[in-house]
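User: I want the reasoning behind the labels on this structure. Please set each value against its cut-off.

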Amino acid sequence: MSKIIDKNVKNGVVVVSTEGYFNKDLGEALKEITDQEIKEGHKNFLINLDQSKIVNSIGASILIEIIEELQVVDGSLNFCNLAPIIAKTFKIMGLTKYCETFDNEEAALQKLA
Amino acid sequence: MKKNPTVELKLPILKNMELVATHTSDVVAKHMNLSEEKSAEISMALIEACINAFEHSETKEDIYIHFIISDENLTIKVIDKGVGFDSSSIKLPNIDDKLGTTERKRGWGLMLIQELMDKVDYESDNSGTTLTMTKNKKSDE
């Protein structure tokens, strides 16, 4: 139902794609990846939410933990392909003050890579 | 007086069961010709209302959801038989306070519900909580 479907490093940016309901399980799965990649020296992350059309606040709260960890290493958390309701949810929570959002992966990598 | 049509749902406290409620709200929203934007906002608010009922009410009993359809709006009642809460004692979260501090990162549900719906009301005591939230059909209502 909720899973990570892809992880790649593209020009130094770790691109992670998710599928399904972005809930606690998916948030924790994503955090496991970011924790590991930060240990390996990566700082910039792009989360492609094209296949995740719905989120809950518990999953989104885990993103705050990831932002916190990336602030320590002067890294960044970015998103692309957000469904309008996810973009709105992130805005209400203030996540967009700390993360950049992009229309698609290409536009994001052009800026981040 | 004509009674408004009502869809009633009973949810057991099982993982991800809030998505069942969103499937129902999607169907009701389509029936009412609500926009996709409004339908998505209702789903998101409903997810948060269900999670609050599942997690914070400390109840082991089923949650009841009523979708009350009228010409002007959709009213949703989420009813639990839990311990209740005082909404006035809850501080609205701010991400600036949560980053780099020990403050817990969660606690966004009520704020999201208030931002996404047109009207929100709570009745709560130690025998349970009824959250009533309304989405108007017209944006300016």
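The questions below take the helix pair, then the core, then the chain contact.

Analyst: This is a predicted model, where local features need pLDDT of at least 70, side-chain atom pairs count only at pLDDT 80 or more, and totals for chains, interfaces and linings use all residues. Residues are numbered from 1 along each chain as its sequence is written, while chains are lettered from A and ligands numbered from 1 in the order in which they are written.

User: Why is helix 1 of chain B called roughly antiparallel to helix 2 of chain B?

Analyst: Their axes cross at roughly 150° and come within 9 Å. Angles over 145 degrees count as roughly antiparallel, so helix 1 of chain B is roughly antiparallel to helix 2 of chain B.

User: Which residues of helix 1 of chain B meet helix 2 of chain B?

Analyst: Among them are B:Ala21, B:Ser25 and B:Ala29. The partners in helix 2 of chain B include B:Ile42, B:Leu46 and B:Cys50.

User: What makes B:Ala49 a contact of B:Val78?

Analyst: Contact requires C-beta atoms, placed from the backbone, within 7 Å. B:Ala49 is in contact with B:Val78, and also with B:Ile113, B:Leu131 and B:Met133, leaving aside neighbours within four places in sequence.

User: Which residues have the most contacts inside the largest nonpolar core?

Analyst: They are A:Leu63, B:Ala45, B:Leu46, B:Ala49, B:Cys50, B:Val78 and B:Ile113, in a core of 58 residues. Helix 2 of chain B gives the most to this core, 10 residues.

User: How many residues does each chain bring to the contact between chains A and B?

Analyst: Chain B brings 22 residues and chain A 22 residues. Helix 2 of chain B supplies the largest share of chain B's side, eight residues.

Definitions and conventions:
Two residues are in contact if their C-beta atoms, placed from the backbone, lie within 7 Å. Helices (H or I, at least four residues) and strands (E, at least two) are DSSP runs, numbered from the N terminus. Axes are lines fitted to C-alpha atoms, for helices over the stretch in contact, and angles run from 0 to 180 degrees between N-to-C directions. Angles under 35 degrees count as roughly parallel, over 145 as roughly antiparallel, 65 to 115 as roughly perpendicular and the rest as oblique. A nonpolar core is a set of buried Ala, Val, Leu, Ile, Met, Phe, Trp, Tyr and Cys residues joined through C-beta atoms within 7 Å. A residue is buried if 20 or more other C-beta atoms lie within 10 Å of its own, exposed if 12 or fewer, and partly exposed in between; C-beta atoms are placed from the backbone.
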